[in-house]
Amino acid sequence: MADRLASFADLAVGQRASLERTISADDVDIFRELSGDANPLHEDGELARRSFFGGPIAHGMLTASMFSTLIGMLLPGTGAIYRAQSLEFLRPVRPGDALRAWGEIRTLDAAANRIEIDTWIENQHGQRVLAGRAVVSLLRGLKPA
């Protein structure tokens, strides 16, 4: 394993991390292929323009997938095990939107191996497009190689 596993000693309530990604039309196409979600709001520009969204939107779960990178690589990081994630979709995300996913540790309980992290994603205008809360554990007790 290239990185050291995250530990409770590395973490503190209020600790934050973030990452950025611009959602491209190719990302939407790839996610459609991977997920099988061919909802016309994501791929039919004419239909999407006639909807209350006013144009094509990215899949909500594509946007939410940024949390997987945030949790698994940054906060808490390598060895994090996702237990739960709540999601509230607040605004549409469109191809071309520059997003920043945030996480902030809300609670730490080493005895229960439980970390609660407030999660949210902002667009290039600083507007929250998605919000939620993650519950995470840390990998422990690896067997020797």
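Two strands are said to pair if DSSP finds at least two bridges between them. In this predicted model, strand E1 (residues 16-22) and strand E4 meet that requirement, pairing in the antiparallel sense over seven bridges. One place to look for this pairing is serine 18, which stands opposite tryptophan 102 in E4. Strand E4 also pairs with E5, again in the antiparallel sense, over nine bridges. Here aspartate 109 stands opposite arginine 114 in E5.

With these pairings in view, the chain as a whole can be described. The chain contains five helices and six strands, and along the sequence they follow the pattern β-α-α-α-α-α-β-β-β-β-β. The C-alpha trace spans about 55 × 35 × 20 Å along its principal axes. Of the 145 residues in the chain, 37% are buried. The accessible surface comes to about 8,200 Å², and carbon and sulfur atoms account for 51% of that surface. Contacts across the sequence are also informative: among those between residues at least 6 apart in sequence, 68% join residues at least 24 apart.

The link between E4 and E5 deserves a slower look. These two strands form a hairpin with four residues between them. Asparagine 113 belongs to the loop between strand E4 (98-109) and strand E5 (114-122), and in this turn asparagine 113 has a positive phi of about 50 degrees. Is asparagine 113 buried or exposed? Its relative accessible area is 14%, so asparagine 113 counts as buried, the cut-off for buried being under 20%. Leaving aside neighbours within four places in sequence, asparagine 113 is in contact with Phe8, Val136, Ser137, Leu138 and Arg140.

The first name in that list, Phe8, leads to another part of the chain. Phenylalanine 8 is placed in the segment before E1, and phenylalanine 8 is buried, with a relative accessible area of 16%. Beyond its neighbours within four places in sequence, phenylalanine 8 is in contact with Leu108, Asp109, Ala110, Asn113, Arg114, Ile115, Leu138 and Arg140. Leu138 and Arg140 thus appear among the contacts of phenylalanine 8 and also among those of asparagine 113. A very different separation is found for phenylalanine 8 and proline 56, which are 48 residues apart in sequence and 42 Å apart in space, C-alpha to C-alpha.

Strands E4 and E5 also carry an aromatic pair. The structure holds one such pair. Tryptophan 102 and tryptophan 120 form this pair, which is stacked, with 6.0 Å from centre to centre and 10 degrees between the planes. The pair links distant parts of the chain, with tryptophan 102 in strand E4 and tryptophan 120 in strand E5, 18 residues apart. Both tryptophan 102 and tryptophan 120 are buried.

Charged side chains add further links. A search of the whole structure finds nine salt bridges. In one of these, the side chains of glutamate 20 and arginine 100 meet at 2.0 Å, N to O. Because glutamate 20 lies in strand E1 and arginine 100 in strand E4, the pair ties together parts that are 80 residues apart in sequence. Glutamate 20 counts as exposed at 55% relative accessibility, whereas arginine 100 is partly exposed, with a relative accessible area of 28%.

Arginine 21 forms a salt bridge with aspartate 27, and their closest N and O atoms are 2.8 Å apart. Here arginine 21 counts as partly exposed at 38% relative accessibility, while aspartate 27 counts as buried at 14%. A further salt bridge joins the side chains of aspartate 29 and arginine 32 (3.1 Å, N to O). Both residues lie in helix H1 (residues 25-35), three residues apart, about one turn of the helix. Aspartate 29 is partly exposed, with a relative accessible area of 34%. Asp29, Arg32 and Glu33 are linked in a network of salt bridges.

Finally, the surface shows a nonpolar feature. Met61, Leu87 and Phe89 form a nonpolar patch there, with about 280 Å² of accessible area together. Phenylalanine 89 lies in strand E3 (residues 88-89) and is partly exposed, with a relative accessible area of 47%.

Note on methods
Residues numbered from 1 in each chain as written. Predicted model: local features only at pLDDT ≥ 70, side-chain atom pairs only at ≥ 80, totals over all residues. Heavy atoms only, no water. Buried < 20%, exposed > 50% of the residue type's maximum accessible area, 1.4 Å probe, protein only. Contact = heavy atoms within 4.5 Å. Patch = residues over 30% accessible without salt bridge, like charges linked within 9 Å, V, L, I, M, F, W, Y side chains within 5 Å. Areas by Shrake-Rupley, 256 points an atom, 1.4 Å probe, with all protein chains shown as cover. Salt bridge = Lys/Arg side-chain N within 4 Å of Asp/Glu carboxyl O. Phe/Tyr/Trp six-rings, centres within 6.5 Å; stacked < 30°, edge-to-face > 60°.
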